[in-house]
Structure formats: C-alpha cells, structure tokens
Amino acid sequence: MNDSSGNPLTRVRGAYSSAADSIRDRWSGAPSWARWVVYVVLIVLALFLPADGIGSFMSPYTDWPTLLFFPIGGYILLGIGLNVVVGQAGLLDLGYVAFFAIGGYAMAVFGVKFGWSFWEILLVGIALSALSGIILGAPTLRLRGDYLAIVTLGFGEIVRITANNTNYIGGPNGIGGIPHPPSLSEWTIPDNGLFDALGIGGVQPFKYGALDGKPYYYLMVLVIVVAIIFVKRLENSRVGRAWASIREDEDAAELMGVPTFKFKLAAFAIGAAIGGGTGVVYASQAVSIIPTNFPFILSATILAAVVLGGSGNLPGVILGSFLVAWIPERIRGLQEYRVLVFGGVLVLLMVFRPEGLLPSRRRKAELQEGSGGMGSMGAEVAGPATVAAGEVGE
C-alpha cells in the first residue's frame, strides 16, 4: 500500500484542515459577547473597504466601489440565497438567475411605469420572486437529481426568452430610465484626517446618484447583513435541521416524519426571495436592464462560488462568491488570457480543497462517506467508504 503522507499536496491539505478546525473549535467555544464583537468589527471593516488605498491594489483596472457593489456584493448575496437551496436543502438549481431577473424587472417595471419608490418595489420584488419559486417548485420538487436540474435550467431560460419577446417590458432593448433609490439624507462623512486617509471623507453614504458607487455598496452591505441574520436563524432552527436531513437522505427523513416536500418548497421560496431582492438592488443602480444581463452562465457561476467556498457553510460561501467575482477583475490586464487564468485558478483551488475552501464539518464527513454533501444531486464523490465497499464487492 502506498503511503500518501509524503505527498506535498496531502501535507498542505492536512495543515490547512488542522488550522481551520482549530479556528472553528475556538469560535464554537467563544462566549457570545466575543462573537458579537467580531461581527461588529467585520461590519466596520466592510464599511471601510471602498477606500482608495485598498482599491488601488484590489482593482487597478475597474472602479473599486462599483465593483464592490456588483459583481462582488451581488454575487455574495446571490450565493447566500443559492446556498439555502443547494447547500442546506441539497437541491440542484441551475436556473437561479431567473429569480434575479424577476427582481430586476420588478424594479424596472414598477419604477418606470408606475412610479413606485425603491423601498416599496424591494418588498414587492422579494414577494414576487418567492411566489415564482413556489410556482416553479410545486410541480417539480418531486423530481430529484439531474431531472430537477434540467427543469430549473429550463425555467431560467423561459424567463429570459419571455423577457426578450415581451414588448411591454422592452423586448431585447430592455427598460431604461430606472429610478435610483430616494436619498435618505444629505449627511456627509467628515472630511478630516482619518476619513480622508481612508478615502471616504466627503462621501454622502445615503445619497444615491448615477456617479458615486459607494452609497450603493453600503446599501448592498445592509441587505447582505439582513440576509445573513435571516439565513443563520433558519439554519439553527427546526427548519435548518429538516433541510440537513433532506440533503443527507431524503427517503430516511421522510420515513422519520419530516414533511420533505413542504421544506423543499420553503427552501426554493426563500432562495428565490433573496435572489429577487438582489435583482431589485442591482437594477436600482444599473439604470437600464436587458435580457442578456441574465444568462445561464450567471447561474453556473454562482453555483461554482457556492461549491468553491464550501457548500452549506455561510462564511465559505461568502469567501467563494468574493473570489469568483473579484479574481476576473483583478487579472483584467491579462486581456484575452483572463478567462483561461481564471479557470485555471478555480481548477487549482478545487484540486487543493475539493470540499471547498471553508467547508462545514458535516459536509466534510459527507464527502468522506461518498455522498458529496449535497444529497442525491449527482455530486457523489468516491470517498474511503465508497472505495472500501467497492473492494469488498470485488
């Protein structure tokens, strides 16, 4: 038998896993006040991210505050929503971009044609997207694995093609003149030494216009924080435990009395609502949207971000979404080789960490057992238990 302990890649993986487990153990044993201090510090750091000094390194080719708003902030919020469906409930959704489009067109239609304000449309867009998730899920969630993936992919394409062929919403030309969110205040961050050094002095964080991307980034941070709180509370509740049981073994969960269809439908609706909210916020800054803003590749990209970061683990999903959104912009100077390098980076990351950069312990255990950590989605990975069973069969 070959000893793989001498493999450098295996040693690096082991060291990374040990460090991650040590940090996770310390975090789980930390008192609640210490956790809240960390949460507040992270939010404060997020508010200072648009600083010019940070942007000069992180995004030398693109306006950094605008990049932070979208794609980085948008991908993170979409990743949080898709993680509810994929990471927590174990349902493969390849048409998630449809809910993003529904939210965006809700902002465009109600803002341009009816004159509604952003905050009214945000609530309506979330409700419409959740309703769309229920409409999609009700007849299809009895399917599993590849069949469910094909149906959701078709739904995403139906929404895009319908938007492209509907004259009321502009057809292929889309809708322009989308109103910005109403400015909440003219308050300006003091232009003193500290704030000026950080690059945010003189910024009006609650005044939304066409040029400054920082207020939209702060709005996105607010929506992300609300989504994280909502999803984490669900994860630690009876609903989250039901999703975990469905992901691991749906048949066993149903035999134990879990109403699997109801909880899968709830996961679809909640994930769709978060995707729709992202679309509303995105459209409020974009001024105009067209059907090509919502291609299938966006669904695949967000799914890749969830898997890369660590499906089922919220910090990992946030990290994966950040990397998938940021890396292509950081290497934009490579021009035609940019996509090739980006793909190579993703391949290396998945070779180094096939379970994700920050996986949950439950997902790591599922991968070792060969289930892939996503239920019967066709993501089965041959782990030690699977290999051993095959050897016994032979």
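**Warm-up: one annotated span**

Over residues 215-231, how much of the chain is helix, how much is strand, and how far apart are the end C-alpha atoms?

Step 1. Some ground rules: this is a predicted model, where local features need pLDDT of at least 70 and side-chain atom pairs count only at pLDDT 80 or more, while totals for chains, interfaces and linings use all residues. Residues are numbered from 1 along each chain as its sequence is written, and side-chain values use heavy atoms, with hydrogens and water left out.

Step 2. Helices (H or I, at least four residues) and strands (E, at least two) are DSSP runs, numbered from the N terminus. Residues 215-231 come out as 100% helix and 0% strand, with 24 Å between the end C-alpha atoms.

Step 3. Try another span: residues 119-138 are also 100% helix and 0% strand, and their end C-alpha atoms lie 29 Å apart. An unreviewed UniProt entry lists both spans under "transmembrane region", including 215-231 and 119-138. UniProt positions are given in the numbering used here, feature names are shortened, and annotations may be inferred rather than shown by experiment.

**Exercise 1: the whole chain**

Work out how many helices and strands the protein chain has, and what share of its residues is buried.

Step 1. The protein chain has 17 helices and zero strands.

Step 2. Buried means under 20% relative accessible area, exposed over 50%, and partly exposed in between (1.4 Å probe, protein chains only). Of the 394 residues, 46% are buried.

Step 3. Now contacts, meaning heavy atoms within 4.5 Å. Take those between residues at least 6 apart in sequence: 69% join residues at least 24 apart.

**Exercise 2: H12 and its glycine**

Check the span of H12 against the expected value, then describe where Gly271 sits.

Step 1. The expected span of a helix is 1.5 Å times one less than its number of residues. For the 27 residues of H12 that gives 39 Å, and the end C-alpha atoms are indeed 39 Å apart.

Step 2. H12 is largely enclosed by the rest of the structure, because 22 of its 27 residues are buried. Just after H12 comes Val287, with a positive phi near 70°.

Step 3. Gly271 lies in H12 and counts as buried, at 0% relative accessibility. Skipping residues up to four places away in sequence, Gly271 touches Gly81, Val84, Val85 and Tyr96. Gly271 and Asn83 are 188 residues apart in sequence, yet their C-alpha atoms are 7.7 Å apart.

**Exercise 3: rings**

Count the aromatic pairs, then classify Phe70 with Tyr282.

Step 1. Rings of Phe, Tyr and Trp (its six-membered ring) pair if their centres lie within 6.5 Å; planes under 30 degrees apart count as stacked, over 60 as edge-to-face and the rest as tilted. That rule gives 17 aromatic pairs.

Step 2. The ring centres of Phe70 and Tyr282 are 4.6 Å apart and the planes stand at 45°, so this pair is tilted. Phe70 is in H4 (residues 64-88) and Tyr282 in H12 (residues 260-286), so the pair ties together parts 212 residues apart in sequence.

Step 3. Tyr282 counts as buried, at 13% relative accessibility. Ring pairs also link Phe70, Tyr75, Phe100, Tyr105, Tyr282 and Phe294 into a cluster.

**Exercise 4: H14, H15 and the loop after**

Which residues of H15 are buried, and how are they arranged around the axis of H15?

Step 1. Begin with H14: 13 of its 17 residues are buried. Gly316 is in H14 (residues 314-330) and is buried at 0% relative accessibility. Its contacts beyond four places in sequence are Gly309, Gly310 and Leu358.

Step 2. On to H15 (residues 338-352), whose buried residues are Arg338, Phe342, Leu349 and Phe352. Seen down the axis, they fall within an arc of 95° (taken from the directions from the helix axis to the C-beta atoms), so they line one face of H15.

Step 3. The face turned away from that buried side carries the exposed residues Val339, Leu340 and Val347.

Step 4. Finish with Arg353, in the loop between H15 and H16 (361-369). Arg353 is buried, with a relative accessible area of 1%. Leaving out neighbours within four places in sequence, Arg353 is in contact with Arg13, Tyr16, Ser17 and Pro359.
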